[in-house]
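Let's take a friendly look at how two chains can be arranged and how they meet. Have the sequence and the 3D view ready.

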Protein chains: 2
Amino acid sequence: MDTTQLLKGVLDLAVLAVLRDEDGYGYDILRRLRGSGLEEVGDASVYGTLRRLFQAGYLTTYVVPSEEGPHRKYYALNAAGRTQLATSGKVWRSFATTMDTILAERGARA
Amino acid sequence: MDTTQLLKGVLDLAVLAVLRDEDGYGYDILRRLRGSGLEEVGDASVYGTLRRLFQAGYLTTYVVPSEEGPHRKYYALNAAGRTQLATSGKVWRSFATTMDTILAERGARA
DNA sequence: TGACGGTACTTCGCATCGCAGAGTACTGTG
DNA sequence: CACAGTACTCTGCGATGCGAAGTACCGTCA
C-alpha cells in the first residue's frame, strides 16, 4: 500500500541525483521528485534529507532572495556529494539486482 | 555503506518470494536469503518479519520436531500471501524503475 | 482593506522496521 | 563437560520518512 518504507535510504540517493543536473531549493526539489514518479514524497522528508546531506558534507548552500515569494535556500552538489552519488548509485543497482533475482527465482534451485 | 535502510519494506517481499518456492523455517529462510545475495540480513530481522507476515494473515505455520536439534517452526504461503507477493512485487518493480529513471536522468530535461 | 491560496521553510513528535545483544534450549563432538 | 552449531524469543535502540502545525512572504480578488 505504502511506498514509505521503500523510500528509506533511497531518498538520499534520489535527492543527490536530482541535484546532479542543477542546483535546487527544497520546494523545487520536491516538485522534481514528484514529477519524476516519486509522487508520494512528503515535504518534510525532503527538507530533512537536505539538512542531513548538508551536515554530512555532500552539499553546499546559498540563499537567494526572491521577489516573488519567500527566500530560497539553494543546495548544490560538491565533490564529496558527487562521489557519494556514484557510490550509493552502485549500491542501489546491486541491491535492486539482487532483489530482482530473488523475485525471479522460481524453482531455480541449481 | 549500509544496506540496512534499503531493506526497509523490502524484506517482507524477499521473505514472501523465498517462501513461494517451498515452505521454510526461520533459520533456513535466513540462509536462503543470505545465499541469494542479502548477506547482511540479521537473524532477528527475519524472525521478526515472519511474525509480522503471519500476524498479517499471509502465512500459515506448523511446528516440526527435529531429532537433530531444536524444533523447527515452518511457515507456508497461503492465498493471501500469494496475492500480497504479487502486489508487492509489482510495487517494487515500479518503484525500482522510477529510481533507475531518476538516476539516469542527466540533462534529460525535455 | 482583508481573506485566501501558493510558495518556502522549520520544528515536533510519531510510527515503522532492521538489528545488535542477551537469553533459552536442544544436539553432537572432542 | 565445555563448546559449537542449530533454532527461536525478547528487549531496546537507531535511522528515517512523514503528518501536523506554525511562520512568513507574495499576489489576487472581492
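What rotation superposes chain B on chain A? A rotation of 180° does, with 0.0 Å of shift along its axis and an RMSD of 0.0 Å; the fit is by least squares on the C-alpha atoms of residues with pLDDT of at least 70 in both copies. The two copies are thus related as by a two-fold rotation axis. In chain B, the C-alpha nearest this axis belongs to B:K8, 3.1 Å away.

A word on reading the model: it is predicted, local features need pLDDT of at least 70, side-chain atom pairs count only at pLDDT 80 or more, and totals for chains, interfaces and linings use all residues. Residues are numbered from 1 along each chain as its sequence is written, while chains are lettered from A and ligands numbered from 1 in the order in which they are written.

Now to the meeting place. In chain B, 28 residues are in contact with 28 residues of chain A (C-beta atoms, placed from the backbone, within 7 Å). Because 100% of the interface residues of chain B are also interface residues in chain A, the copies meet through the same surface. α5(B) gives the largest share of chain B's side, ten residues.

These helices (DSSP runs of H or I, at least four residues) each supply at least two residues of that side:

| Helix of chain B | Residues |
|---|---|
| α1 | 4–7 |
| α2 | 11–21 |
| α5 | 79–104 |

Finally, chain A has an open, antiparallel sheet of three strands in the order β1-β3-β2 (strands are DSSP runs of E, at least two residues, and they pair with at least two bridges). β2(A) and β3(A) pair over six bridges.

Notes. Two residues are in contact if their C-beta atoms, placed from the backbone, lie within 7 Å.
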